[in-house]
Each structure stands twice: as C-alpha cells, then as structure tokens.
Amino acid sequence: MFDIQEELKKLPDCPGVYMHKDAFGQIIYVGKAVNLSRRVHQYFQNPANQTPKVRKMVEHIAEFEYITAGSEMEALILECNLIKKYSPKYNILLRDDKTYPYIKVTMSDRYPRILKTRRVVNDGSKYFGPFADAGAVNVTIDLLNSVYSLKRCSATDFPEDFKPCLNFHIHQCKGICRGDVKVEDYMESLNKALEFLQGKDKEVLKLLHEKMEAASEALDYENAAVYRDYIKAVETIGQKQRVVLSHPENLDIVLLCKGLSGAHAVLFTVREGKLSGRESFFLGDLHPGRSEEQVADFIKQYYYANVMIPKEILVTKLSDDAHLLEDWLTEQRGSKVALTAPERGEKRALMDLVRKDVDEMVRDLDERARRQLEKEETVRIGLCQVFGEELGNRIHRIEAFDISHINGVDSVGGMVVFTDGRPEKKDYRRFKIKTIEGADDTGSMQEVLFRRFREAKNGAPGFRLLPDLILMDGGEGQVNACKAVLHALGFDNIPVAGAVKDDKHRTRALLFEGCETPLKNNQSLYAYVGAIQEEVHRFAIEYHHNLRGKTMSRSVLDDIPGIGEKRKLALLSRFGSVEGIKRASVYDLAEVNGMNAAAAEAVAAYFAKKSKND
C-alpha cells in the first residue's frame, strides 16, 4: 500500500510536477512546484489553513507521483501537457486542444515569412521552440517583422494589377508585391532575424532599450510601452536557455538510459552555445546489444523525420558504423555533420552535466516502476483470492465490454483491454450494433461478443489475441449471456467474471462461478476493477456521442434535395451550425460557394416546412 507520510520524506528539493491520484488510480490534480518537497508537503498539513477546494481534494488523495524538471519553466510546460492529457478533476481546464507554439520560418518560400504555428511538419521550414508564452511569441514575431520589414502576407503570385496591402502604406513592408525588393537583400534581413531566433539577441535588445528611452524622453509614452513589451517578449523567449559552451555552437546530445521502466533515449539541444531543450523517447525493453549500437539506431529513426539536424551530435561512444552514419546525416542535412564522442575538454564537461540530469530522470522513472510493480503484485494477490492461485497467476490480459445508447437509438459497443494493469489502447475496438433494435442491452452485448470472438475464430488481424479473463459490467445475467456466446463459438475455456453493484450502482464484489467475493478488503483490486469499468464506459460513450453527432448532421442536411457533401460542408463552414443555416435568408444561402438559387430555395423550403410541422 502507498504510505503518504513515508513517500513525502522521499520528495526532492527541486523543480518539478506532481500528480495526485484517487483510490482508483485516476489523476485528479496536476501541479508544478519550484520545490517539490515543500509544495507537496503543504497539502498534508493543517486543513484549517487550506481552501475548501483543497480540503475536498485532499480527502480523495490516495497517492501521488512526481516528475523532476530542470527549471520552473520546464515544469510549467510539463504541467500543461499533463493537464491536457489527463483532464484532472480539480484542475482548471481550458476547453481547447492547443499545444505550445513554435516560431516557423518558411524557408521553402522565395520570400520566407515568420509565423506562429502549433504543428511541426517536415516541409523544409525552420522551427524554433516550443515556447510556453504564446503572447510573447506573437510579440516577438511582430517585432521581427517590424524591425526587418519582412513579408507578412501569404500571397505568392503578384500580377501587374496587384494592390499593396496596408503594411506597405504604413511602412511595415518594403513592397515585395511591387517588385521593389531583391531576393538577396530580403534574405540578408531574414538572416538577421534568424540569428536573433538562434540566441543572438544582444544587438536587438540594445536597440530596443535605446528606442524605449528616446520615446520616453520625448514623452511618447505609447511607443515607449510598445518597446517595453518587445523587450519583455525577447527576455521571455530566451529565459529557458543557459550558456553551456564558450563558443556559439549548435549541437545535439543523445544519451541512452536504462532502468526498471525500460530504456529511454534522451536528446538535449544546444543552440548558439546554450542548452535550450530536452526530450525523452521511451524505447521499451530493448533487445540485448551494445548501447552505442542502440543509440545509432535511435539517431537513424529520429533524424530521418526531423528537419533540424545540427552540425554536430555528441554521443557517449561511437558505434562501429559511425562513419556511415555521419555520411547519412550529412546527406540528410545537405552539409557536413560530425558524430563525436568527446573524451576531454568543454564538450566532455557538457556530457557529464547532462548525464547527471539523465541519472536523476532514471531514478525517478525507476521509483515509479517500483511502485507499479508493487501495485501489480497486490492486484495479482487479489486475483488469486478471487479466482484461485492457478488461474489468478495466469491472468494478464483482461477484456471488458460496454453498451451505450439513448433510448435504444444509435446503440454502440466498446471493448477495452488491460494488460498487467495498463490499458492497451491499440487493442481497443468499437462496434456499431446492427442486429438489435431498441434498448436491449443484453442482446446488444451478445452481438458485440459474438462479432469479437467470431473474428478471433476466423484468425482476423487485431482479434487473434484472446483474453485471460472477460470482465462483465453486471451480475449473473450478463455473465450467463457472455458464456452462451463463448460456448456457441467454442471458447468455453475463457473465464468470465461479473462486477456486482450495490444499491448505489457501485461495484461491491466480483462474481465468478456462482461465488461472490467482496472487494472492500482489497483496495488495490477494487481500484483496478474500477479503472477498467471507468475506461470502458468512457470509450463506449465517446463512440456513441461521435456517431450521434454524425447522425444528427446527416438526418437534417442530407435529406434536402440537391445538397451533397460539398454543399453541406460549405454551408456549415459559412453559417457555423444547422441553426445558423436555418436562420439564413435565401439570398445569403445562394451566396455560399457552390450554391445556386435553386439549391438555396430548396434549403429554405425544407426548413420552412420542418418548422411548420414541428
């Protein structure tokens, strides 16, 4: 069992992110800390000093985990990523799906632009980031466009009658569309902007300070405030970098670490002599082999899809085919790339520095792996208590099923898989109910089970692996319904258990072979069963909602004569929703791209008739 007071003693005095979990193992809160030990201890002190929300949350904390970070900024970025991933109950959740922004330079354009983006793709562009402060990114892009008069519009063709945009008239663009700018002159300005993004910001900062002071002395406080905001943005963009080399070099460092949790490749980026980022990549349980060969394999996979290849990559030890790998990297980059294993000097000191960071990461991962092994062991003991020693020790893969519908409409089934306590999302399956009408959960469940195990009997890809246990979300009725399907298909040897509910619809026991085993005395097994049930409910409901949304859209718009897929999408894009289309006039409908007068009148007539009938 997780002893909170004992685990509190193990917390480090460094920045990081902590995750509070409930009895089901679900993450209910994610937070960041400058000092993990001090911050997490605060939750378990005198409740009288806490807000009602915190007191309520603490009542549900059964355990916590933490991840160390190199800085508070790194902790902030990690915190946000985890909140978006887990949507914890007690966090403030932003209802969007944004990721941290990058600054993109469209190098494949004749006159490249500087943009903000949230997606990195292999399109020949240069990317800088990610950055935690989207506002600072916006101001920085505006600063670079203003200082160096860069192209802002997306147009690429400029016919003779092309009219310059407002930026030209307010002297924010030199008039590329008029043919007034030579490519070589433009690229000279762009290269200065690239130098700034690569860390050479002293010249720009000096210029901005001078302009801010001049504007202030002239009592032009509005422009002084603009320059002040530019300075703050520049400082924010650069604050997560620290100097680690005396020369302004660009290089990457690739290290391999192994622990109880498996193997990880860790990549550090150094730009203009500053350590600017760290990424880790889970590699699983690697096959036996020398670490330098495994690092070489990672480098091939990573840089094959990555456009940002530096001039030098540092590794702990060179593989036998390092010269071939160097040649390949050089070809990928288009200029010389060196693969080196420094033995002395500044770069060796840098390797030792980042190795300490990796060692700390491994210790943290190993601690989490030990906790996971402890959980698995207590769950195994619980399974043995319910199913007996022989069967309990053989249960690794558990499959659970659920049905979702509204009054029998758009019925769907969901199947989730857990292996050794972890969800196997690649094995999840969805089923649209085809043979059952109305709200017949038992019949729908039998259809899902029949289709799943018929595919297994036929050896269909994705269905061949059989479960060690089927967990039904109900008692004797659901268990018998499942057994009938298994018997019909010749899978009588697969054990089936049911989750027995109390009068408040909470699972209180497991039913197996006619015997009920209460779960109140086995918290770990109770949490495990609860996690499986919650996941299969979520998965089935999500599919039902998606299917219902498509059905509603189809039933309304696709019934209108003359409205096909293209026109439907154009209408929804223009008016935002079916309600918006319904309120639009015939004239507005006809103005939509792809529509004509006849189609517009058909849409208006359809909704007029529908409104009258309603």
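This passage describes the fold, two small sheets, one cavity and three loop residues of a predicted model.

Residues are numbered from 1 along each chain as its sequence is written. In this predicted model, local features need pLDDT of at least 70, side-chain atom pairs count only at pLDDT 80 or more, and totals for chains, interfaces and linings use all residues, while side-chain values use heavy atoms, with hydrogens and water left out.

The protein chain holds 20 helices and 20 strands. Both are DSSP runs numbered from the N terminus: helices are H or I and have at least four residues, strands are E and have at least two. Of the 614 residues in the chain, 43% are buried. Buried means under 20% relative accessible area, exposed means over 50%, and partly exposed lies in between (1.4 Å probe, protein chains only). Contacts were counted between residues at least 6 apart in sequence, and 59% of these join residues at least 24 apart. A contact means heavy atoms within 4.5 Å.

One open sheet has three strands in the order β2-β1-β3, with antiparallel pairing. The edges are β2 (27-33) and β3 (63-68); each has a single partner strand, so one side of each is left without a neighbour in the sheet. Neighbouring strands in this sheet are turned by 20° against each other on average, direction ignored. Two strands count as paired if DSSP finds at least two bridges between them. Strand β1 (residues 16-21) pairs with β3 in the antiparallel sense over six bridges. One bridge partner in β3 is glutamate 65, which is matched with methionine 19. Helix α12 lies across β1 and β3 and runs at about 160° to β3. For such angles, axes are lines fitted to C-alpha atoms, for helices over the stretch in contact, and values run from 0 to 180 degrees between N-to-C directions.

A second open sheet of three strands has the order β5-β4-β6, and its pairing is antiparallel. Here β5 (114-117) and β6 (126-128) stand at the edges, each with a single partner strand, so one side of each lacks a neighbour in the sheet. The average turn between neighbouring strands of this sheet is 30°, direction ignored. Strand β4 (residues 102-105) and β6 pair in the antiparallel sense over three bridges. Four bridges join β4 to β5, and these strands also run antiparallel. Isoleucine 103 has a partner in each neighbouring strand: phenylalanine 128 is its bridge partner in β6, and lysine 116 stands opposite it in β5. Valine 105 stands opposite lysine 126 in β6.

Two helices lie across this sheet. Helix α5 (residues 134-148) crosses β4 and β5, running at about 170° to β5. Helix α7 (residues 183-197) lies across β4, β5 and β6, at about 155° to β4.

A search of the whole structure finds four cavities of 30 Å³ or more. On a 1 Å grid over the protein atoms alone, a cavity is a set of points where a 1.4 Å probe fits but cannot get out; lining residues have an atom within 4 Å of a point. Grid points are joined across faces, edges and corners, and a volume is the space filled by probe spheres set on the points. The second largest cavity encloses about 50 Å³. Its lining consists of Leu383, Phe387, Ile398, Leu469, Leu471, Leu510, Leu525, Tyr528, Val529 and Ile532. Helix α12 (345-387), strand β17 (469-472) and helix α16 (523-557) each supply at least two lining residues. The largest share, four residues, comes from α16. The lining has 10 nonpolar residues, no polar and no charged. Ala, Val, Leu, Ile, Met, Phe, Trp, Tyr, Cys and Pro count as nonpolar, Asp, Glu, Lys and Arg as charged, and the others, Gly among them, as polar.

Three loop residues complete the description. Asparagine 521 lies in the loop between β20 and α16. At 71% relative accessibility, asparagine 521 is exposed. Asparagine 521 and glycine 382 are 139 residues apart in sequence, with 9.6 Å between their C-alpha atoms.

Most residues other than glycine have a negative phi. Aspartate 420, not a glycine, has a positive phi of about 50°. Aspartate 420 sits in the loop between β14 (409-419) and β15 (422-423) and is partly exposed, with a relative accessible area of 35%. Glutamate 513 also has a positive phi of about 50° without being a glycine. Glutamate 513 belongs to the loop between β19 (507-512) and β20 (515-518) and is exposed, with a relative accessible area of 52%.

Methods:
1 Å grid on protein atoms, 1.4 Å probe; cavity = no way out; pocket = protein on both sides within 12 Å on 5 of 7 lines; lining within 4 Å.
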